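Biologist: I've never looked at this one before. Could you walk me through it, one question at a time?

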Amino acid sequence: SDEHQKSKRGRFRDMDMDLLQKHSIDLYWDDETTQSTYLFPLSHSEILMSESSKLVAALPPNRVYTLGPYSMADSPESHIGSFKHALDFLVPVATPVYAVADGVIMEIKEHCERWGDGPEFRDYLNYLTVKHGNGEFSQYCHLQKNSVSTRKLKVGDHVRVGQEITETGMSGWMDGPHLHFIVYRHDINPQNPFGFKSLKVCFK
């Protein structure tokens with residue numbers, strides 16, 4: 001839809017970092033949670049937890065926290081404004097990623113291999129977006145090149161909760177392996193120049 005394309009452009013192509021910083025302290029971003037509860041997008045196997053702990057050891061303690069069984073990284077430079085409730089799961093490259101709820105694939109970008117620690121790399125992000133029946137979208141980012149199509153998935157396909165849909169990689173703005181995950185809704189509001197709003201995720 002035109003609305004979705006505008007939201008897409010706002011997130012990945014025309015994002016003005018100065019504008020994002022300007023709106024970063026607005027209380028408007030703070031209080032909204034998801035309508036539904038979602039599964040975590042990763043398994044919680046002992047092997048994955050062990051591999052994640054190695055990534056934790058490489059980060060300053062003040063950048064790491066836990067969410068359920070998972071180790072997470074704080075990203076204060078990029079998780080601001082409309083991205084405030086994005087989540088970075090510390091997992092190694094090639095970790096399988098699962099659909100958090102039933103939905104339809106709306107966007108796929110999977111041709112990039114460039115990455116780096118700065119906003120100039122944001123346009124090299126590989127990502128997958130799924131629309132859910134409640135009008136919310138889940139998005140999975142920093143994906144491995146061609147990791148959606150190798151699972152024989154394409155835009156318009158229906159996915160089921162818990163279905164393996166992609167895997168993590170190194171693409172876009174990042175300083176180490178992780179899955180960047182966000183649930184958002186479209187938002188047409190004069191207070192929001194970006195066209196979408198991230199939500200606090202209620203996990204099952």
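**A first look around**

Biologist: Let's start with Ser-138: is it buried or exposed?
Modeller: Keep in mind that this is a predicted model. Buried means under 20% relative accessible area. Ser-138 has 0% relative accessibility, so it counts as buried.

Biologist: And which strand holds Ser-138?
Modeller: Look at the stretch covering residues 137-141. Ser-138 has its place there, in strand E9.

Biologist: Which side chains make a polar contact of 2.8 Å with the side chain of Ser-138?
Modeller: There's one polar contact of 2.8 Å to the side chain of His-132. Another, also listed at 2.8 Å, goes to the side chain of Tyr-140. That gives you His-132 and Tyr-140.

Biologist: Leaving out residues up to four places away in sequence, what does Ser-138 touch?
Modeller: With those sequence neighbours set aside, Ser-138 still has partners elsewhere in the chain. Among them are Val-100, Leu-128 and Thr-129. The list also includes Val-130, His-132, Phe-181, Ile-182 and Val-183.

Biologist: Where is Ser-82, and is it buried or exposed?
Modeller: Ser-82 sits in the loop between strand E3 (70-73) and strand E4 (87-89). Its relative accessible area is 0%, so Ser-82 is buried.

Biologist: How many Å separate the C-alpha atoms of Ser-82 and Tyr-184?
Modeller: Along the chain, these two are 102 residues apart. In space, their C-alpha atoms are separated by 8.8 Å.

Biologist: Over to helix H3: how many Å apart are its end C-alpha atoms, and what span should it have?
Modeller: H3 runs over residues 46-57, which makes 12 residues. At 1.5 Å a residue it should span 16 Å. The model agrees with that, as the end C-alpha atoms are 17 Å apart.

Biologist: What arc do the buried residues Leu-48, Ser-52 and Leu-55 of H3 cover?
Modeller: Leu-48, Ser-52 and Leu-55 are buried in H3. They lie on the same side of H3, because the arc they cover around the axis is only 50°. In general, an α-helix has 3.6 residues a turn, so residues three or four places apart point the same way. The arc, once more, is 50°.

Biologist: Which exposed residues are on the face of H3 turned away from its buried side?
Modeller: Turn the helix round to that face. There you'll find Glu-46, Ile-47, Lys-54 and Ala-57.

Biologist: Zooming out, what share of the protein chain counts as buried?
Modeller: The chain has 3 helices and 15 strands. Out of its 204 residues, the buried share is 50%.

Technical notes: Residues numbered from 1 in each chain as written. Predicted model: local features only at pLDDT ≥ 70, side-chain atom pairs only at ≥ 80, totals over all residues. Heavy atoms only, no water. Helix = DSSP H or I, 4+ residues; strand = E, 2+ residues; numbered from the N terminus. Buried < 20%, exposed > 50% of the residue type's maximum accessible area, 1.4 Å probe, protein only. Polar contact = N/O pair within 3.5 Å; in protein donor to acceptor, adjacent residues only side chain to side chain. Contact = heavy atoms within 4.5 Å. Expected span 1.5 Å × (residues − 1). Arc of directions from axis to C-beta.
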